[in-house]
Amino acid sequence: MSATGETALRGQGLYRSFQHPAGPVSVLRGAEVRIAAGEFVTLTAPSGAGKSALLAVLCGFDQPDAGTVEIAGRPVTRPPAWRDCAVLPQSLGLAQELTLAENIALPLRLAPRDRSLPDQDTPDAAVAALLAELDLDGLADRYPHEVSYGQQQRAALARAVIARPRVLLADEPTAHLDQRSAPLVLALLRRRADQGGAVLVASHHEEVHQAADRTLVLDQGRVHDAPTA
Ligand SMILES: Nc1ncnc2c1ncn2[C@@H]1O[C@H](COP(=O)(O)OP(=O)(O)OP(=O)(O)O)[C@@H](O)[C@H]1O
């Protein structure tokens, strides 16, 4: 574990409920989250408990009914800057009219002055490196509908990490992957943490939790540390 102790992501007193004809669905009830720079943390809970809702609030895509979210000590912006926070949602959110390479490069084009590629990396080189790392060689010029869902999922992860966000949130990033691809994704998540990013991954998969520094449990709208074995 390479956590520096410096808090990268902090959610405090988070409440969120959704209106429904059958009555309000109260999903977050005072949730507290703190992830340090350099940490790879996973989040587990039964289906429907609110993992996706929590990630959306933590990255500024959704507004909590109460509570605050800070990234590197500053209130999260809505929408967040790519450099501050990137999300791999379950729906992936790839732009269908762009190729995989164009999708992956998008954060660099949208925030060119805000990025932190190593000096020797051009955007094209950074995209090529991620395609190779995630076993997507040869698919750069294909459109999302021309590749498998698992390949789309890896491309969406590449897009999420390319601008080296301080905070990376991923919702079930191995859900559609086989035994060859899932370790590639876990290695990339670990590398992002080792580079100083704060990584939070919602998952139902035991191998993902085993790869993490620690695991959080969302239960009854609150977040606890998972019991250690
Ligand atoms: N817009 C909405 N309106 C009403 N209810 C909602 C809305 N969004 C989510 N919910 C409800 O909030 C709860 C939490 O949903 P969420 O998608 O966060 O769960 P999850 O833990 O990510 O589930 P899964 O593991 O199946 O992805 C669910 O009961 C869901 O039905």
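The exercises below work through a predicted model, from its two sheets to its helices and the surroundings of its ligand. Residues are numbered from 1 along each chain as its sequence is written. Because this is a predicted model, local features need pLDDT of at least 70 and side-chain atom pairs count only at pLDDT 80 or more, while totals for chains, interfaces and linings use all residues.

**Exercise 1. Work out the strand order of the open sheet of four strands, and state which strands stand at its edges.**

Step 1. Helices (H or I, at least four residues) and strands (E, at least two) are DSSP runs numbered from the N terminus, and two strands pair if DSSP finds at least two bridges between them.

Step 2. Strand 1 (residues 7-18) is antiparallel to strand 2, with nine bridges between them, and Ser17 has Ser26 of strand 2 as its bridge partner. The two strands form a hairpin with six residues between them, and Gly23 in the turn has a positive phi of about 125 degrees.

Step 3. Strand 1 also runs antiparallel to strand 4 (residues 66-71), to which five bridges join it; here Gly11 is partnered by Val69.

Step 4. Strand 4 is in turn joined to strand 5 by two bridges, again antiparallel, with Pro75 of strand 5 as the bridge partner of Glu70.

Step 5. The order is 2-1-4-5, with antiparallel pairing. Strand 2 and strand 5 (74-75) stand at the edges with a single partner strand each, so one side of each is left without a neighbour in the sheet.

**Exercise 2. Describe the open sheet of six strands: its order, its edges and its twist.**

Step 1. The order is 6-7-8-3-9-10, and the pairing is mixed. The edges are held by strand 6 and strand 10 (222-225), each with a single partner strand, so one side of each has no neighbour in the sheet. From one strand to the next, the twist averages 20 degrees, where axes are lines fitted to C-alpha atoms, for helices over the stretch in contact, and angles run from 0 to 180 degrees between N-to-C directions.

Step 2. At one edge, strand 6 pairs with strand 7 in the parallel sense over four bridges, and Val87 has Leu169 as its bridge partner in strand 7. At the other edge, strand 9 (residues 214-219) and strand 10 run antiparallel and are joined by four bridges, with Asp219 opposite Arg222.

**Exercise 3. Identify what helix 1 and helix 4 touch in this sheet, and at what angles.**

Step 1. Two residues are in contact if their C-beta atoms, placed from the backbone, lie within 7 Å. Helix 1 packs on the sheet and touches strand 3 (40-44), strand 6, strand 7, strand 8 (198-202) and strand 9, its direction making about 155 degrees with that of strand 7.

Step 2. Helix 4 likewise packs on the sheet, touching strand 6 and strand 7, and its direction makes about 175 degrees with that of strand 6.

**Exercise 4. Decide whether helix 4 is mostly covered or mostly open, and find what covers its buried residues.**

Step 1. A residue is buried if 20 or more other C-beta atoms lie within 10 Å of its own, exposed if 12 or fewer, and partly exposed in between, with C-beta atoms placed from the backbone.

Step 2. By this count, 11 of the 13 residues of helix 4 are buried, and the helix is mostly covered; among the buried residues are Gln151, Arg154, Leu157 and Val161.

Step 3. The cover includes strand 6 (85-88), helix 2 (100-110), helix 3 (123-133), strand 7 (167-171) and helix 5 (181-194). In strand 6, Cys85 and Val87 point one way and Ala86 and Leu88 the other way, and all are buried. The buried residues of helix 2 pack against strand 6, helix 3 and helix 4.

**Exercise 5. Explain why Pro227 is classed as exposed.**

Step 1. Pro227 lies in the segment after strand 10. Pro227 is exposed because 7 other C-beta atoms lie within 10 Å.

**Exercise 6. Characterise the shell around the ligand by its residue classes and by the elements that supply it.**

Step 1. A residue is near a molecule or strand if its C-beta atom, placed from the backbone, lies within 6 Å of it. The residues around the ligand include Phe18, His20, Ser47 and Lys51.

Step 2. Ala, Val, Leu, Ile, Met, Phe, Trp, Tyr, Cys and Pro count as nonpolar, Asp, Glu, Lys and Arg as charged, and the others, Gly among them, as polar. The shell then has six nonpolar, five polar and one charged residues.

Step 3. Strand 2 (25-36) and helix 1 (51-58) each supply at least two residues of the shell, and helix 1 gives the most, with three.
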